[in-house]
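Colleague: Before we discuss the helices and domains, please show me the model. I will ask how each label is justified.

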Amino acid sequence: MSGQMQAAVVTKPDAVWEMQTRPIPEAAPGQILVRVHACGICGTDLWMAQNKLSYRQFPLVLGHEGVGEVVAVGAGVTTRAVGDRVGMPMVQKGCGRCEFCREEHPKSFVTAANCAAPILTGVTVDGAHADYIAVDAAGTVRLPDGISYEDAAPTLCAGFTVWAALRRADLKPNARVTVVGIGGLGHLAIQYAKAAGYHVTAITHSPDKQQIARELGADLVVPDGTALRDAGGADLIMHTASHHGVVNDAMAGLKPWGKVVMMGIAFDDMFVPALSLVSNSHQIIGSAHNGYEYLEEALGYVARGEVKPRIEVFTKDNVAEAYDRVVSGDVRFKAVVTY
């Protein structure tokens, strides 16, 4: 397919996102060309736009929460067909040659800190904040029936992240799960944990967020770790906050043999209470994404209506406003841009 498209381009650090005209990419062998319908704005997008995370030089086209329709397939592609509805999460593929890749880990564990030269959508290569994107066919997932593009987009990263964390925690039935941070990740963590059958507690000081947490399905809302302990404690603390201090406090309510799964990326230091960690056999687990089978599960919950992302939708003509509102905190949960 030849012609021109529009893409949201970040020309330099902290610049306004602007729509620019670019050639429509071609699907190389092993790739598919996708007509993008929607793409979420993730916290990683903000940090890259602000040059806090630097993987390549500006200008950038960001976006790893993209969804759309396949309009062309490259040579050798048999797993995707024109008309398929697909999602394009961050990981496309690893380099295949570095020490990490030679250990043959599942593809979805590849991150910039593991593979020496991964292909990461919207990170190491241009992303899905554009009308079209060419991606490795193996780095996509087919969307289930019954899920809208707008709801699927944030599930590709935010939903995937929290569901993978729950799976990685390997909880027993009837476990008590506590969510710290009621934002883009946290509002989904509450819903996924509840849909999976766990007792869910949310920690927040904000009266407004206390009500929201209950609306999302939390069985209990407490202000801090002491109150969490007094209310029965937690087998798992899901760290979705943008700073670590609240998790340090929440660990006062972590039960013996309990776990903390960290998925919220923050730039402050985390101080672990060493005596409590050792004497209570606590575990702290870092978790980004997991195997794509878990992404399929995460999408399934949304498709069945058991989890509902709370989103604000912007057209591509308003992408600069969407970015600015996410940066300022005016978007409470997730911003999704349609193309």
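Colleague: Why is the packing of α3 against α4 called oblique?

Modeller: The axes of α3 and helix α4 (residues 186-195) are 9 Å apart and make an angle of about 50°. Axes here are lines fitted to C-alpha atoms, for helices over the stretch in contact, and angles run from 0 to 180 degrees between N-to-C directions. Angles under 35 degrees count as roughly parallel, over 145 as roughly antiparallel, 65 to 115 as roughly perpendicular and the rest as oblique. Therefore α3 is oblique to α4. The model is predicted: local features need pLDDT of at least 70, side-chain atom pairs count only at pLDDT 80 or more, and totals for chains, interfaces and linings use all residues. Residues are numbered from 1 along each chain as its sequence is written, and side-chain values use heavy atoms, with hydrogens and water left out.

Colleague: Which residues make the contact of α3 with α4, and how do they divide by class?

Modeller: Contact means heavy atoms within 4.5 Å. From α3 come Thr155, Ala158, Gly159, Val162, Trp163 and Leu166, and they meet Leu188, Ala189, Tyr192 and Ala193 of α4. The contact of α3 with α4 has eight nonpolar, two polar and no charged residues. Ala, Val, Leu, Ile, Met, Phe, Trp, Tyr, Cys and Pro count as nonpolar, Asp, Glu, Lys and Arg as charged, and the others, Gly among them, as polar.

Colleague: How do α3 and α9 cross?

Modeller: Helix α3 (residues 149-169) and helix α9 (residues 292-303) cross at roughly 120°, their axes coming within 8 Å. The crossing of α3 with α9 is right-handed. In this contact, the α3 residues include Asp151, Phe160 and Arg167, and those of α9 include Tyr292, Glu297 and Val302. By class, the contact of α3 with α9 has 11 nonpolar, two polar and three charged residues.

Colleague: What makes up domain 1 and domain 2?

Modeller: Domain 1 is 4-157 + 290-338 and domain 2 is 160-286; such bounds come from an automatic or database domain assignment. Their centres, taken over C-alpha atoms, are 27 Å apart. The contact takes 23 residues from domain 1 and 21 residues from domain 2. Domain 1 and domain 2 bury about 2,100 Å² between them, with 60% of it on carbon and sulfur atoms. Buried area is the accessible area (1.4 Å probe) that two parts lose on being put together, summed over both.

Colleague: What is the peptide bond between Phe58 and Pro59, cis or trans?

Modeller: Phe58 and Pro59 are joined by a cis peptide bond, with omega about 5°. Pro59 lies in the loop between α1 (43-49) and β4 (66-73). Asn51 is in the loop between α1 and β4, and phi of Asn51 is near 65°, a positive value in a residue other than glycine. Most residues other than glycine have a negative phi, and most peptide bonds are trans.

Technical notes: Helices (H or I, at least four residues) and strands (E, at least two) are DSSP runs, numbered from the N terminus. A crossing is left-handed if the near helix is turned anticlockwise from the far one by less than a right angle, and right-handed if clockwise.
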